[in-house]
Amino acid sequence: VNRVARSPRLTVALLIPALLAAACSGGGDSKRTDTMESLAGSYVVPMYGELAGATASLQTSVEALCTAPSADALASAQQELRDARGTWKRTEAMRIGPDMTRRSAEKIDWPIDTSRIDELLASDEPPELTVEVIGTQMSSALRGLGAVEHVLFADGAAEAVQQPRTCDYLVSTATVAAGEAQAVNDAWHTDQGETPAFGDTFTGADDASTVDMVLDDLVNEALNLTERMTDLELRVVKGVDGPDAPPSDPIDVDLLASIHEGPAGLGVVDDLDRLQGLRIVFVDGLGPLLGTDLLDRVRGEIDAATAAFEALGDVPLREAAEQQTAQVRAAYDAVKALQITLSTDVVSKLGVTVGFSDSDGDSAG
Amino acid sequence: MHRRRDPGLVARIVDRAHAPEPGWSVAAFRIAFGLLVAYSSLRFLARGWVQRLYLEPAHHLTYPGFDWVRPLPSFWMHSMVIVLALLGLCIAAGVRTRLAAALFAVGFAYTELIDASLYLNHYWFVTLAALWLALIPTSGCASVDRGGGTVPAWSIWALRGQLAVVYVFAGIAKLNADWLVHAVPMRLWLPDRANQLPWAGTLLEHTWVAFAMSWAGAAFDLTIVGWLLWRRTRPFAYAAVIAFHLATMVLFQIGLFGWVMIALTPVFFDPSWPRRGLERLTRAMPTIASAGRPRGGRAVVAALAAIAVLQVLVPLRHLAFAGDVRWTEEGYYGSWRVVLTEKAGWLEFWITDPATGEVWQVDPTLVLTDWQARQAAIRPDLALTAAHLVADHYRTAGRAEVEVRADSWVAFNGRPRQRMLDPDVDLAAHERGFTPFGFGADGVVLPLEPAVRT
């Protein structure tokens with residue numbers, strides 16, 4: 001009887017230290033938290049700082065252009081526009097947090113309506129195109145980096161920027177974009193009322209579980225991006241008889257409008273910047289979570305897609321789609337392969353969808 | 001000298017099956033079951049799942065042979081779930097228990113048959129448990145219904161057997177190389193849980209923990225019934241049941257499954273255990289009516305034997321089909337393959353109109369909601385049903401017949417992604433089969449590479 005009575009106590013006595021030891025060894029940050037801290041600290045947060053800086057530089061350069069119009073000043077402003085746009089496109093792969101909750105794209109970069117912009121500049125209503133007017137009263141289709149590009153790269157831009165109304169519009173639009181980029185950057189670093197700094201949410205500083213939500217959002221945003229790149233924008237080169245079939249010959253030129261590209265012809269550069277953003281997230285940032293084999297595969301697919309876009313040369317993407325259809329199709333296929341890998345292997349590896357079924361799960365299958 | 005004649009094995013079994021036993025443990029099972037399903041139904045309502053899962057989808061991924069099962073209009077669908085909750089309370093209180101349980105089983109099965117993408121093993125268990133409660137005689141213990149205070153022994157063995165089937169086949173399903181040799185999917189899942197369990201932290205990221213949990217899980221499932229049946233180990237086994245299910249509930253999103261098993265497993269204890277517990281609490285002896293010998297005979301035992309055989313054959317029917325059931329999912333339903341695989345998929349359909357020669361691509365969300373499409377991307381039978389829905393969609397739009405082919409990729413248990421469905425097969429022309437008898441997966445689903453046979 002004594003032996004029977006003692007054995008549970010003995011078991012408990014042995015079990016408690018073992019459990020304590022296990023719990024202690026389980027302390028500290030998880031690999032996922034460490035990885036996300038590294039991704040945030042080394043890449044994502046600096047990227048939003050870079051965006052704030054690039055848009056501020058654009059604002060400064062267009063102010064300088066309007067103060068003293070010249071060919072050099074115009075070229076400088078055009079280069080700043082390219083830089084700001086490039087940084088913005090690189091953030092597309094990590095577009096979660098403040099810029100989504102603030103709907104920042106509506107002020108920084110939104111599909112524009114060129115004819116309405118031209119009408120706005122040709123009219124005298126509203127009489128003043130101030131930062132307030134552009135930022136709060138204008139449609140998103142009339143502002144953002146696309147609008148700045150439309151003015152800076154238009155035929156006769158050198159003359160146009162000598163018009164006070166055009167200059168006011170240009171400066172106000174750049175200022176609104178820069179202000180919004182700065183606000184996003186601030187929201188990453190400092191508390192916004194009761195909302196904690198998103199940098200803390202990203203790294204789980206207050207609640208470790210937010211890391212998982214952020215990772216889910218990050219992967220889903222990347223999936224959305226690859227889908228936009230392939231099925232939306234490059235659908236003009238999609239196979240017409242099946243996933244592996246070639247595009248129509250000649251291509252359906254009406255579908256070229258799906259490629260959002262302004263007069264600067266930055267479509268190819270945009271996609272290269274987006275791929276750079278994906279590389280930052282999945283290779284440089286999340287690489288340690290993927291394991292060697294999968295990381296190599298993802299890196300290889302991003303390399304292949306990058307090489308395919310680089311092979312197109314310094315031409316607008318729409319032009320490339322018409323004249324180098326096979327090469328653009330190769331780029332499409334490379335991004336598609338990456339899209340499928342992200343949707344399957346990466347999602348599985350990161351446990352992004354291990355939510356079982358949506359109601360009450362008992363099987364991930 | 002007169003020798004007493006041996007009654008024979010069958011007669012002894014019949015006698016043992018109908019021997020009266022105290023009805024307390026069955027009553028505890030009934031009360032726990034009724035309260036849990038009532039709570040589950042109310043939870044379903046409160047979370048808006050009736051609307052989201054039954055009413056919002058334009059189409060449902062029906063079970064082959066059950067296409068006629070459709071959701072009711074909103075008011076009636078909500079009413080149905082409320083009625084299920086009320087029936088659960090009736091079962092718990094012992095009000096017209098057998099009728100309530102029968103109606104609950106029919107109503108619950110109806111809701112589950114609406115959409116196969118919502119299939120869960122524990123819903124199947126709930127349906128079967130409700131059917132048992134409809135068959136088991138009312139004991140009169142802790143119930144409004146009157147009874148003699150006893151139940152035939154077969155009632156207790158039926159409930160124990162039903163629970164045993166879940167554990168044993170869940171254990172058998174784990175006897176594969178992925179689970180035992182590679183510790184997947186545990187090795188994939190546990191590190192993802194590290195942030196959800198701050199006290200465990202990096203412990204879950206160690207490979208040995210994944211192996212330990214995989215082997216412990218398999219050992220638990222395969223042996224727990226034995227430990228529960230052995231009187232000396234029973235209390236410890238039940239403690240293990242509680243610990244096991246609490247752990248799985250903390251680690252994984254498995255809804256009420258863990259609570260169901262924790263609440264119902266005490267049926268393995270002595271049939272009088274609730275009464276003894278009550279005595280200890282109140283120091284009073286609840287009285288029960290005198291035990292009358294329940295009616296019954298060989299027919300009952302024969303029926304129970306047939307059910308037992310069926311309960312073994314259904315989970316094993318996948319062996320009659322080619323391929324690995326975890327990959328093809330042919331023979332998956334009702335097989336107690338719980339928390340066993342990790343799949344992530346990607347699915348597009350390519351449509352060909354032979355009349356015009358046109359070919360185009362569509363996303364499954366043309367006919368499905370996002371959550372249905374996610375399931376169709378990883379489950380071949382659902383992808384096949386989705387393909388038929390897509391064909392119906394274009395038929396309604398005025399195209400006589402279209403061909404539907406799939407571009408389908410799945411990452412399974414940590415393997416590199418591979419095609420799941422044969423891209424050359426016209427899914428619209430492939431029969432969906434009938435649920436228990438498979439859907440001809442070998443003509444649609446490509447082999448799993450590398451093949452791992454369970």
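**Cysteines and helix α15(A)**

Reader: Is C141(B) buried or exposed?
Author: C141(B) is buried, at a relative accessible area of 2%. This is a predicted model.

Reader: Why is C141(B) without a bond to C90(B)?
Author: The closest cysteine sulfur to that of C141(B) belongs to C90(B), and at 19 Å it is too far for a bond. C90(B) itself counts as partly exposed, with 26% relative accessibility.

Reader: How many disulfides are there over all chains, then?
Author: A search of the whole structure finds one. C66(A) and C167(A) form it, with their sulfur atoms 2.0 Å apart.

Reader: Which parts of chain A does the pair link?
Author: The pair links distant parts of the chain, 101 residues apart: C66(A) lies in helix α2 (residues 31-67) and C167(A) in helix α10 (residues 164-189).

Reader: And why is the disulfide left-handed?
Author: The torsion about the S-S bond of C66(A) and C167(A) is about -100°, so the disulfide is left-handed. C167(A) is buried, at 7% relative accessible area.

Reader: Changing topic: what span should α15 of chain A have?
Author: Helix α15 (residues 292-310) has 19 residues and should span 27 Å at 1.5 Å a residue; its end C-alpha atoms are 26 Å apart, which agrees.

Reader: Which residues of α15(A) are buried?
Author: Among them are L294(A), L295(A), V298(A), I302(A) and F309(A). The buried residues cover an arc of only 165° around the axis, which puts them on the same side of α15(A).

Reader: What is exposed on the other side?
Author: T292(A), D293(A) and E310(A) are exposed there.

Reader: What do the buried residues of α15(A) pack against?
Author: Their partners in chain A include α12 (210-233), α13 (267-285) and α17 (325-350).

Terms used:
Residues numbered from 1 in each chain as written. Chains lettered and ligands numbered in written order. Predicted model: local features only at pLDDT ≥ 70, side-chain atom pairs only at ≥ 80, totals over all residues. Heavy atoms only, no water. Disulfide = S-S within 2.5 Å. Helix = DSSP H or I, 4+ residues; strand = E, 2+ residues; numbered from the N terminus. Buried < 20%, exposed > 50% of the residue type's maximum accessible area, 1.4 Å probe, protein only. Expected span 1.5 Å × (residues − 1). Arc of directions from axis to C-beta. Contact = heavy atoms within 4.5 Å.
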